[in-house]
Amino acid sequence: EQDGAPRPTAHEFRVLDEGTNTTPRWVEERTQPVDGFDGEPWRIAGIGTDVTRRHELEAALRQSQKMEAVGQLAGGVAHDFNNMLTAILHAAEELSVLATTDDQRRLSELVISAAERTADLTRKLLSFSRKGRVRSTPVDVHSVVADVVLLLNRSIDPRVKVVTDLRAPSATVLGDPGELQNALLNLGLNARDAMPDGGLLEISSQLRELDAADCATLPFTLAPGSFLQLSVRDGGTGIEPQHLARVFEPFFTTKPVGKGTGLGLAAVYGTAIEHHGAVTVYSEPGHGTVFHLYLPLTEGALLRPSSPSVAPLGTGLVLLVDDEPLVRSMGERLLRSLGYDVAVAQDGVEAVELFTAQHAQLAAVLCDVIMPERSGGDAIDDMRRIDATVPIIVCSGFPRDEHLARGGEPLPFLAKPYHRGELATMLAELARQL
């Protein structure tokens, strides 16, 4: 009431049918006083509207915005990690070359192994933040599932029985087979951990047609169409409701310290995003968990992977451009060990100045992307205008920059951290093309 008289009201509440396990519905109720003939309030009229759909869409939007913010943070952390790992990996590989005793070689190999494992963690972070390096190749996902089942059977407790039910008539998607395998493996290992005493782990597939309404209920940007639904189901301990909304966040884990990084499901989320798909989870404590991975189907022809070639040492002058001192120092040493002379620039402005003066002598340019003063992309534009015949390799802690195109053509790309052999191979291939 207001001043002793009834006034219009509006409020929302949930309705739960205690006799069923159906999801509670949200109802918006609006009331309005109705006056009688004498002008005094006579009764209250009201109407209830089911607004469950609106609540679902609002929740999906909030979840999407939260994951976007967390992804930006994760991507920035991974970028800085990759810069440091580049210097560590190069130093360890150089020490391995210079080692004169077995102990020295073992220690350098230990550092290389540790750097590679850390690089794998940053790849998962980059995948979550939608900055992962994803190939666009037609992939038979059923073949990927077969490989994952083989790996799981070799690495998990024999009390966990892995079965498949692959009913989808078509399982060809456009994407990265390695990323998809890693996503399924993470889901499989997560299911294994939920069944410490053994149980059934089922991987199934089916065709799903998602219309605009289906796509709108998911916190992903999906185009309506035909999707392959991959489901990984376990009969384990399940996930508590307060944890369910956080399972895809990086570093979130309910496992004891030392038993998990909290990046496995974050990587699955990132893989779904990068493949223009979605991932959902449903779980009840004590009744297991099921993850559904949705991937848009394609009719592209399957391609066979090519074998990489071995590159010899090279000669010539290489311009190394990077704003990180450790990366410049170790990169210069690495290039010299491969037989090249090196000119070094600490930002895009200095890079263009050196390129202008020495482009006729340059065998290649190795250029970072994210730099102060002048970005790598802008510097590359200037260098291409000066002399488009000099090969330029784009190098970045953000693998998505492999798609950086200048003059309409994608440039060669190295994702930090990269190995000595990767750089040697790419430089040799560019030399053969000249």
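These are my notebook entries on a few things I looked up in this structure, which is a predicted model.

**Entry 1: the sheet**

I started with the strands. I found an open sheet of 3 strands, in the order 1-2-3, with antiparallel pairing. Strand 1 (9-15) and strand 3 (41-50) stand at the edges, and each has a single partner strand, so one side of each has no neighbour in the sheet. I also looked up the twist: neighbouring strands here are turned by 25° against each other on average, direction ignored.

A reminder to myself: strands of a sheet pair through backbone hydrogen bonds, either parallel or antiparallel.

Then I went pair by pair. Strand 1 and strand 2 (residues 25-35) pair in the antiparallel sense over 7 bridges. One spot to click on is alanine 10, whose bridge partner in strand 2 is arginine 30. Strand 2 and strand 3 are also antiparallel, over 9 bridges. Here I picked glutamate 29, which stands opposite glycine 48 in strand 3.

How many residues lie between strand 2 and strand 3 in their hairpin? I got 5 residues, and glycine 39 in that turn has a positive phi of about 85°.

Next I asked myself: is strand 3 largely enclosed or largely in the open? Of its 10 residues, the number buried is 0, so strand 3 lies largely in the open.

**Entry 2: charges around the sheet**

I turned to salt bridges, and the count comes to 16. My note on the idea: side chains of opposite charge can pair when their charged atoms come close.

I looked at arginine 54 and glutamate 12, which form a salt bridge with their closest N and O atoms 2.1 Å apart. Why does this pair tie together separate parts of the chain? Arginine 54 lies in helix 1 (residues 52-98) and glutamate 12 in strand 1, so the pair links parts that are 42 residues apart in sequence. Both ends are partly exposed: arginine 54 has a relative accessible area of 33%, and glutamate 12 comes to 31%.

The pair isn't on its own, either. Glu12, Glu28, Arg30 and Arg54 are linked in a network of salt bridges. I recognised Arg30 from the first entry, where it was the bridge partner of alanine 10.

**Entry 3: two more salt bridges**

I checked arginine 192 next. It forms a salt bridge with aspartate 193, with the closest N and O atoms 2.8 Å apart. Arginine 192 is partly exposed at 26% relative accessible area, and aspartate 193 is partly exposed at 34%.

Then came arginine 336 and glutamate 332, another salt bridge, with 3.1 Å between the closest N and O atoms. Both residues lie in helix 8, 4 residues apart, about one turn of the helix. Arginine 336 counts as partly exposed at 42%, and so does glutamate 332 at 25%.

**Entry 4: a nonpolar patch**

While on helix 8 (residues 325-337), I noted that leucine 326 lies in it. That leucine is partly exposed, with a relative accessible area of 46%. Which residues form a nonpolar patch on the surface with Leu326? I found Met84, Ile88 and Val111, and the four have about 320 Å² of accessible area together.

**Entry 5: helix 7**

I wanted to know how helix 7 (residues 264-274) sits. 11 of its 11 residues are buried, so helix 7 is largely enclosed by the rest of the structure. The buried residues include Leu265, Val268, Tyr269 and Ile273, and Glu274 is listed too. Histidine 276 follows helix 7, and its phi is positive, near 60°.

**Entry 6: the cysteines**

Last, I looked for disulfides, and the count comes to 0. Why is cysteine 367 not bonded to cysteine 395? The sulfur of cysteine 395 is the closest cysteine sulfur to that of cysteine 367, but the distance is 9.1 Å, too far for a bond. The cut-off I needed for this step is 2.5 Å between the sulfur atoms. Looking from the other end, cysteine 395 is in no disulfide, and its nearest cysteine sulfur is that of cysteine 367.

I checked their surroundings as well. Cysteine 367 counts as buried at 0% relative accessibility, and cysteine 395 is buried with a relative accessible area of 4%.

Definitions and conventions. Residues numbered from 1 in each chain as written. Predicted model: local features only at pLDDT ≥ 70, side-chain atom pairs only at ≥ 80, totals over all residues. Heavy atoms only, no water. Buried < 20%, exposed > 50% of the residue type's maximum accessible area, 1.4 Å probe, protein only. Pairing = 2+ DSSP bridges. Helix = DSSP H or I, 4+ residues; strand = E, 2+ residues; numbered from the N terminus. Axes fitted to C-alpha atoms, helices over the stretch in contact; angles between N-to-C directions. Patch = residues over 30% accessible without salt bridge, like charges linked within 9 Å, V, L, I, M, F, W, Y side chains within 5 Å. Areas by Shrake-Rupley, 256 points an atom, 1.4 Å probe, with all protein chains shown as cover. Salt bridge = Lys/Arg side-chain N within 4 Å of Asp/Glu carboxyl O.
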